[in-house]
Each structure stands twice: as C-alpha cells, then as structure tokens.
Amino acid sequence: MDKKREEIYYRLLEKMTDSMTDPENFAHDQYIGVLSEIADLFRISKIVTEFYKTVSQEKIGDGEIVVDLDKEKDSKVILRKRFVTKTMAVVKATLYAAKDEAPLPEDELASLDILTRAMLSFISRNRLQNAVEQLGFYDESGYPNLRSFKRFLEKANENGGLYGYTAGCFNLKNFTLINQEIGREKADVAMKNYISLISSLAGYDSVVCRMGSDNFVLVFRNERTKKIIDALSGMPVSYDKKKDKRVLLSANAGFFRIPEGYVYKNHNVIMEKIVSTAMMARQNEKTLTLFYEEDFSDITARNVQFLDKMSNAIDKGEFRVFYQPKIDIRTGNIIGAEALCRWFCDGKVIMPEEFIPQLEQSLEICRLDYYMLDMVCRDIRRWLVEGRKAIKISVNLSRKHLVDADLIDHIMEIIDKHEVPHRYIEIEMMEPSTDFGFNNLKKLVASLQEEGVYTAVDDFGKGYSSLNLIREIPWNVLKIDRSFLPLDTDKKNSTRSLIYSNVVAMARDLGIECITVGIETAKQIETLRNCRCYFAQGFVFDEPLPVSKFEKKLENPHYKIP
Ligand code: C2E
Ligand code: MG
C-alpha cells in the first residue's frame, strides 16, 4: 500500500473505531460514507451485510440482509466475514470486486480484513441498539407500545407544543368474534394490515400504539382526522397473501383534540380523556366515534361504579325475577310466562333497560342470565314440590352467550341441578349480529331441542330481522315485537297489516308457534284474532308480576278476554 492510501486507510480505521467508542455521535449515514471510501480504496464493487438475532434464525435465513453498496453486477467474492456477538447474534459481511479486477495483495487483504471486522462491530452494535429499542418501545407483536405513545407526546410537546394534534383511543369492534370466525393467526394478520393502514393515513408526524389486545391509542395532526375516522368507521382488510380474502374491520374511538395553550403534564392526563371518551363511544349505539367533552370523565367514573355495584348486586340477591303471563286469547288461559329481571337497589326498583346494556358491555350479563335461570328453576321445583300448577317459563339469554363454547352444558347443568323437567323451560334469544353468532345459535337451538327445551326467537320485527333466522333455525316459537303490530288506525290492507298477518301465516305454515308481545288494548287483541295469532303477552292482561302475585294468579290461571 503506498503512503497516501495508507493514510486514508488509517483515517477510515479511526472513524470505524470511533463508531465503537462514541456510538452516540456516529450515525448510519456516516457509516455509509465510510463504506464508499473503503470501496474506493480497495476497488470493491459490492458490500452485503447480514444480521441475525440468533444463530438459529441464521440457519433458516430469517434476518436482515442489507446491500449497502452495489456498483457492478458482475462481481466475485473477495472476502467473507462472520462474527457471533456475546448475545449470540450473528453478523456477516460479504465483499465483492469486479470480475476482471486483479486480486488484492496479501497486505491489503489483511488491512481490509481489519476494516471489515470494525464494520461488523458497528453493525452488530447498531442493530442490537435497535433490538433494545424494539424491546423497550414495541410489544411482542411488533406494535409500538405505550412507552412510544408517551415518548411521542413528550417530544412533540418539547418541539413546539401539542396544539394542532389530536390524541385518540380505539377498540376494534367484534374482534373476539372475528378471531373465532377466521382463526387467530389470520385475525392477527388482518389486525396488522388494518393498523398499518391507519398508521399510513395518520402520516409521518404520528404514532399508533397498542395498549393490549385490540385496544390502541394514537396521536396525529388534526388535518388527518377525517381520513382516520373514515378508516375506523369500516374498511375491508385482507388477511391472506393473495389479498383476496378480506374481513371488514371497524372500531369505536374516542378523540381529544388538543386545545391551544394546552399545558402538558403527563401522558396519563391525555390517556384518561381518550379512554373515557372511547368507552362512551362503545356505549353509544348511534355513532362509532366521539370527541372528548369535559363531563365524559365523570360519566365514565360513574359507569364504572355502577358496574361494580351491579356485580355485587348479584351476590347480594338484589336482582329478582318477575313473571309476565302469556295468554291464549281464544280461552283466556295462561299458557306460560316470561321471566323478567328487576333490580332492587337502595329502596328503588331499577328496570332492565337501565342496566342490561351496561351489563352487556362486559360479560357480566352472562352471570345475570344464569342467575335468572337458576332462580326460575328453583321456583318451578318448589311449585312442583308444593303440588302447585307449574307452567312453561321463558328465560331471556343475551346474544353475548354465543361466544361461549360450553353454553349448552351450562344451561342444562342449571336445569338438571333443580331436576326441572325440560319441557317447563323455554329459552328466548334475539337475532345475532354476526355470521359466527348465527352459526352458534343454530347449533344451540338444535341442542336445546334435543334436550326437549323450548326455544323462542325474541323481538322478531325489531331492527332488521332476517328471514334466514326462521328459515335456517328450527325455533319452536316466534315472538313478534309490538312494533310490528298494525296500529289501531291502520287499514286492513295497509303495508303494516299485510306484513304482520303474513308473518303470522308463514310461522303457522312452518309449524312455529306465534306470540305477540306488548298487547295493551282490546283492539289489538281483535287484530291478533283476525290474523290468527292466538297467543299474546301484554299489559292488557298483566304487567310482569313479583313471584308471590304470580303464584296467586297460577291458582286461577285465567283471564277475561276483553
Ligand atoms: P323482552 O324480552 O322483549 O321483554 C318484554 C318487555 O316488554 C318487558 O320489558 C315487558 O315488561 C315489556 N312489556 C310487556 N308487555 C308490554 C306492554 O303491553 N306494553 C309495553 N310498553 N311493554 C310491555 P322489561 O321487563 O322492561 O324488559 C326489557 C328487556 O330487557 C326485555 O325485553 C329483555 O330483552 C331484557 N331483559 C329483561 N330481563 C332480562 C334477563 O334476565 N336477561 C336478559 N338477557 N335480558 C333481560
Ligand atoms: Mg324476551
């Protein structure tokens, strides 16, 4: 090596050594600069580096391969180096020269060898640093974690404040069901694709982090809001390589638009706002996304307290069963009753509409439903033991149960524990909102019928009940919601009257028993009779009754038909 080249060589070597002793001040672009100088000095045409976190990953070729320099296609290998770090990571470098290049003399090859070792040390340290960062700021699936969220807010706050940014929290809708529908692995892929789509819509000045399971937080510039809300409202996302299998993902989200002059204390203050707003969005049936308002945090705190109270209420026996009779309008006889829940709390009676939706947010609803079934079976057993008249009682089961693989066993266990003949129990369920739920419901109804337990489809006509529900599932009973009933002012050939009478006729032809709920007037009874729906439940006969009153009624199970 001549004097001038030797000088360059030592300068390069010094730079590489600096990179190891003062890593903070040696950036990746400096490293690339050194590489091209090395290439010039030793007439190298191509440098390929490889990094594997473990030896076994090296074996299967699962690593990071970087072509740092590529001047000429037609190259031959002139040096190969492999190096295993103390943490058992593997770094490799392969150096090439043009095919027609004369071989390097011994001393130059030795010098190049020393430089390559220095280079590999830099790479291993640099990559390991990334790996450490990965450990600290990313979760095990590779999503940025809450530390990344905190770091982003702190940096943005230092660089000119948070005004102009929006922070948000979102929860993927029905992800448990999607997991079951397409399998965990594919659902993970779908989630990854969805989140990277949202990240790209959020732009370069943003962060999207996973809090755990299907909950995420994000920060982005205000001008990106519309795009993000659109993506969260529903996007088809592929989950296979060919990209022809897709699932529709959407999320409930709560946002906090950071106001002018906002004083950042810590990320928890922002977290609290966006989490409480997202919780409100989850409970809101009309919208998927909400923006933070001052009183949301209080409402959420109250909701949490309420849930706590409800959870204890089951243990304290504050939930009671009320029975509402079902009547055959041809005879006036009671043919059964529906068990409806009432909560006796602090001297007041709370109605289901005030607590069922909250319970359905968590799976506490399942505990309540089993409790109700247990109380009903206890009552029926007592009636049988006391020699009273026992009739068929229907119990409501939330759709939330449909994710439970052992649902049928749980139901039968409760009924059989009280030795209640199965024919005395009817299970009422509403139409499920997903295909997965639909398939499970189909299986559940078949299993219940095998056991001799009755099944009823509840609230038919409310919402968008589909005909598949009665075509594919062999229900015993169709419970028609009163919103389906013609109004007293409706003519015989009005759309409402025609639909109602035809649904009743269809059920009759299919051999499904039909009952209309919510009957309040003599005129409505008349309509039922005209349409040949002979079973009814409603205030015109009785409201849901406490057990003592209902037992009295059972002693004379008959109503005068108006
Ligand atoms: P649902 O299963 O459709 O029950 C019928 C509701 O209609 C009951 O309201 C009943 O009191 C009401 N109703 C009956 N006749 C009339 C009438 O003539 N006029 C009017 N305006 N209403 C009438 P309730 O007891 O408030 O229950 C509301 C809903 O709460 C139930 O609707 C059911 O979906 C749910 N629910 C009640 N108890 C339970 C339970 O133990 N588990 C579950 N999962 N849901 C329950
Ligand atoms: Mg019901």
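**Entry 1: strand β4 and its partners**

A reminder to myself before I start: two strands count as paired if DSSP finds at least two bridges between them. I also note that this is a predicted model.

I began with Val-77 and looked up its bridge partner in β4, which is Tyr-96. The strands behind this pair are β3 (residues 75-84) and β4, and nine bridges join them in an antiparallel run. I then followed the chain from β3 to β4 and found that they form a hairpin with five residues between them. Met-88 sits in that turn and has a positive phi of about 70 degrees.

Next I looked for another partner of β4. Strand β1 (residues 46-52) pairs with β4 in the antiparallel sense, over seven bridges. Here Phe-51 stands opposite Val-91 of β4.

Is β4 enclosed or open? Eight of the nine residues of β4 (residues 90-98) are buried, so the rest of the structure largely encloses this strand. My cut-off for buried is under 20% relative accessible area.

**Entry 2: strand β17**

I moved on to β17 (residues 454-460), where six of the seven residues are buried, so by that cut-off the strand is mostly covered. Which strands pair with β17? Strand β16 (residues 425-429) runs parallel to β17 and is joined to it by four bridges. Strand β18 (residues 477-480) also pairs with β17 in the parallel sense, over three bridges.

I picked out a residue pair for each partner. Between β16 and β17, Glu-428 stands opposite Ala-456. Between β17 and β18, Phe-460 has Ile-480 as its bridge partner.

**Entry 3: the magnesium ion**

Glu-428 turned up again when I looked at the magnesium ion (ligand 2). Which protein residues are its donors? They are Glu-338 (OE), Asn-396 (OD1), Glu-428 (OE) and Asp-458 (OD), and they lie 2.1 to 2.2 Å from the ion. Along the sequence, these donor residues are spaced E-x57-N-x31-E-x29-D. Asn-396 belongs to strand β15 (residues 393-397) and Glu-428 to strand β16, so this pair ties together parts that are 32 residues apart in sequence.

I also checked how covered these two are. Glu-428 is buried, with a relative accessible area of 1%. Asn-396 counts as partly exposed, at 23% relative accessibility.

**Entry 4: ligand 1**

How many residues are around ligand 1? There are 24, and the ones that come nearest are Arg-342, Asp-369, Asp-458, Glu-520 and Phe-539. I recognised Asp-458 from the donors of the magnesium ion.

I sorted the shell by class and got 11 nonpolar, five polar and eight charged residues. I then asked which elements supply them: β13 (334-345), α11 (352-361), α12 (364-385) and β17 each give at least two residues. The largest share, four residues, comes from β13.

Next came the polar atoms. A nitrogen atom of ligand 1 is 3.1 Å from an N or O atom in the side chain of Gln-324. A nitrogen atom of the ligand also lies 3.2 Å from a polar backbone atom of Cys-341. An oxygen atom of ligand 1 is 3.0 Å from an N or O atom in the side chain of Asn-396. On its own, ligand 1 has 800 Å² of accessible area, and the protein covers 83% of that.

**Entry 5: a few single residues**

I went back to β18 and followed the chain into the loop between β18 and α16 (495-509), where I found Asp-481. Asp-481 counts as buried, at 10% relative accessibility. Its side chain is joined to that of Ser-483 by a polar contact of 2.3 Å.

For contrast I looked up Lys-552, which is in helix α18 (residues 547-555). Buried or exposed? Lys-552 counts as exposed, at 60% relative accessibility. I also noted that the C-alpha atoms of Lys-552 and Ile-525 are separated by 24 Å, with the two residues 27 apart along the chain.

My last search was for positive phi values in residues other than glycine. Asn-174 has a phi near 55 degrees and is found in the loop between β5 (165-172) and α6 (175-182). Asn-174 is partly exposed, with a relative accessible area of 40%. Ser-213 has a phi near 40 degrees and lies in the loop between β6 (207-212) and β7 (215-221). Ser-213 is partly exposed, with a relative accessible area of 48%.

How values were computed
Residues are numbered from 1 along each chain as its sequence is written. Chains are lettered from A and ligands numbered from 1 in the order in which they are written. This is a predicted model: local features need pLDDT of at least 70, side-chain atom pairs count only at pLDDT 80 or more; totals for chains, interfaces and linings use all residues. Side-chain values use heavy atoms; hydrogens and water are left out. Buried means under 20% relative accessible area, exposed over 50%, partly exposed in between (1.4 Å probe, protein chains only). Donors are N, O and S atoms within 2.8 Å of the metal (3.2 Å for Na, K and Ca); water is not among the atoms, so sites may look incomplete. A residue is near a molecule or strand if one of its heavy atoms lies within 4 Å of it. A polar contact is a pair of N or O atoms within 3.5 Å; within protein, one must be able to donate a hydrogen and the other to accept it, and residues adjacent in sequence count only if both atoms are side-chain atoms. Accessible areas come from the Shrake-Rupley method with a 1.4 Å probe; for residues, only the protein chains shown count as cover. Ala, Val, Leu, Ile, Met, Phe, Trp, Tyr, Cys and Pro count as nonpolar, Asp, Glu, Lys and Arg as charged, and the others, Gly among them, as polar.
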